[in-house]
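Work through the exercises below with the structure open beside you. Try each task before reading its solution.

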Amino acid sequence: MHVRLVGIHHTYPSGTAAVRGVDLDVDPAAPTVLRGANGAGKSTLLRIAAGAETPSAGRVVKRPAVVGYLPDRFPALLRLPPRRWLDHLARVRGLDPDDVADTGDELLEELGYDGAEGEPMSELSKGNAQKLGLVQALACDPGLLVLDEPWSGLDDDAADALTARLAARHGLTLLTDHSGTAASLPGARLHRLRGGRIASGADPDSVPLPAAPPPGAVLRLDLACAGDPGPLLERLPPAHVETAGPGRLVVRVPAPESDAWLAAALAVGCAVRSVRPLRPADERRGPRSEAGSAW
């Protein structure tokens, strides 16, 4: 099921037009990534998509009942301690906190959260507050996941864990990202906002990709794997190996098999560096050397 933003306009009481006639499809087959300068309207559009703000005109079609939303910033004076805050947001979504507790604990450990148990949210570091924000958005098993700059403030290990989690996700995902990390997510569809409008496909910074690769497509999967990836290959599905060196593994996989292959690679401890479709000329040339294997 797609979520569609149709004719979205939004003007603030001050008279500032933040979003101007945006039409956007969020496809479950691939993450939808919005890029653009500060003030381009990205955060406003995400709030509207998540249902946290009502547009001046237009509508959001087929928004799921449960939305996981990470805002660009949290209220400054949140006095609730983390666990109570997570429980509160589960109830806001109509969920039993006990039903999401195990997933929440798993995510806290995955992201390396180390804040004090009874510390008010307002006193947490930027990194720990961001990790809690991600946990509340992800742990509810959302039908639509909306993330505003999710890698902001994260340490390297937490950023890698988040990238792996999003790369393995199957479902509607809409996010903004200034770090460039989201572009490496499998099948990412990139759109640029300029002055509250979606830039045209001719814009060099706007690269909408098809929701699914064409029949017969081959993907190059570039992975970071600790140590020598050779022994890991015995635990992974068959693939055409392009590079297998210390810390890095690059393989070619038929597009229909790529999701299962990535899931297996993540399960053995590898992290996704990039996923790229091969151009026909690349397939004819065959594997490249280590020096030329990255696009």
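## Exercise 1: The cavity and its lining

Helix H7, residues 258–267, contributes four residues to the lining of the largest cavity, the most of any element. The model used here is a predicted one.

**Task.** Find which residues line the largest cavity, and sort them by class.

**Solution.**
- Step 1. A search of the whole structure turns up one cavity of 30 Å³ or more.
- Step 2. The volume of the largest cavity is about 40 Å³.
- Step 3. Its lining consists of Ala167, Ala168, His170, Asp259, Leu262, Ala263 and Leu266.
- Step 4. Sorted by class, the lining has five nonpolar residues, one polar and one charged.
- Step 5. Asp counts as charged, and Asp259 is in the lining.

## Exercise 2: The chain as a whole

**Task.** State how many helices and strands the protein chain has, and what percentage of its residues count as buried.

**Solution.**
- Step 1. The protein chain contains eight helices and 13 strands.
- Step 2. It has 295 residues, and 48% of them count as buried.
- Step 3. The accessible surface is about 14200 Å², and carbon and sulfur atoms account for 52% of that.
- Step 4. Take the contacts with a separation of 6 or more: 69% of them are between residues 24 or more positions apart.

## Exercise 3: Two salt bridges between elements

**Task.** The structure holds eleven salt bridges. For Arg83 with Asp105 and for Arg220 with Glu242, give the N to O distance, then decide whether the residues are buried, partly exposed or exposed.

**Solution.**
- Step 1. In the salt bridge between Arg83 and Asp105, the closest N and O atoms are 2.4 Å apart.
- Step 2. This pair links distant parts of the chain, with Arg83 in helix H2 (residues 82–92) and Asp105 in helix H3 (residues 97–111), 22 residues apart.
- Step 3. Buried means under 20% relative accessible area and exposed means over 50%. Arg83 has 36% relative accessibility, so Arg83 is partly exposed. Asp105, with a relative accessible area of 34%, is partly exposed as well.
- Step 4. For the salt bridge of Arg220 and Glu242, the N to O distance is 3.1 Å.
- Step 5. Arg220 is in strand S10 (residues 218–224) and Glu242 in strand S11 (residues 240–245), so this salt bridge ties together parts 22 residues apart in sequence.
- Step 6. Arg220 and Glu242 are both buried.
- Step 7. Shared partners also join salt bridges into one network made up of Arg83, Asp105 and Glu117.

## Exercise 4: Placing two residues

**Task.** Locate Asp72 and Gly230. For each, compare a separation in sequence with a distance in space.

**Solution.**
- Step 1. Asp72 sits in the loop between strand S5 (67–70) and H2.
- Step 2. The relative accessible area of Asp72 is 28%, so Asp72 is partly exposed.
- Step 3. Asp72 and Pro150 are 78 residues apart in sequence, while their C-alpha atoms are 8.2 Å apart in space.
- Step 4. Leaving out residues up to four places away in sequence, Asp72 touches Ser43 and Asp148.
- Step 5. Gly230 belongs to helix H6 (residues 230–233).
- Step 6. With a relative accessible area of 26%, Gly230 is partly exposed.
- Step 7. From Gly230 to Pro246 there are 16 residues in sequence and 8.9 Å in space, C-alpha to C-alpha.

Terms used: Residues are numbered from 1 along each chain as its sequence is written. This is a predicted model: local features need pLDDT of at least 70, side-chain atom pairs count only at pLDDT 80 or more; totals for chains, interfaces and linings use all residues. Side-chain values use heavy atoms; hydrogens and water are left out. Helices (H or I, at least four residues) and strands (E, at least two) are DSSP runs, numbered from the N terminus. Buried means under 20% relative accessible area, exposed over 50%, partly exposed in between (1.4 Å probe, protein chains only). Contact means heavy atoms within 4.5 Å. Accessible areas come from the Shrake-Rupley method with a 1.4 Å probe; for residues, only the protein chains shown count as cover. On a 1 Å grid over the protein atoms alone, a cavity is a set of points where a 1.4 Å probe fits but cannot get out, and a pocket is an open set with protein on both sides within 12 Å along at least five of seven lines; lining residues have an atom within 4 Å of a point. Grid points are joined across faces, edges and corners, and a volume is the space filled by probe spheres set on the points. A salt bridge is a side-chain nitrogen of Lys or Arg within 4 Å of a carboxyl oxygen of Asp or Glu.
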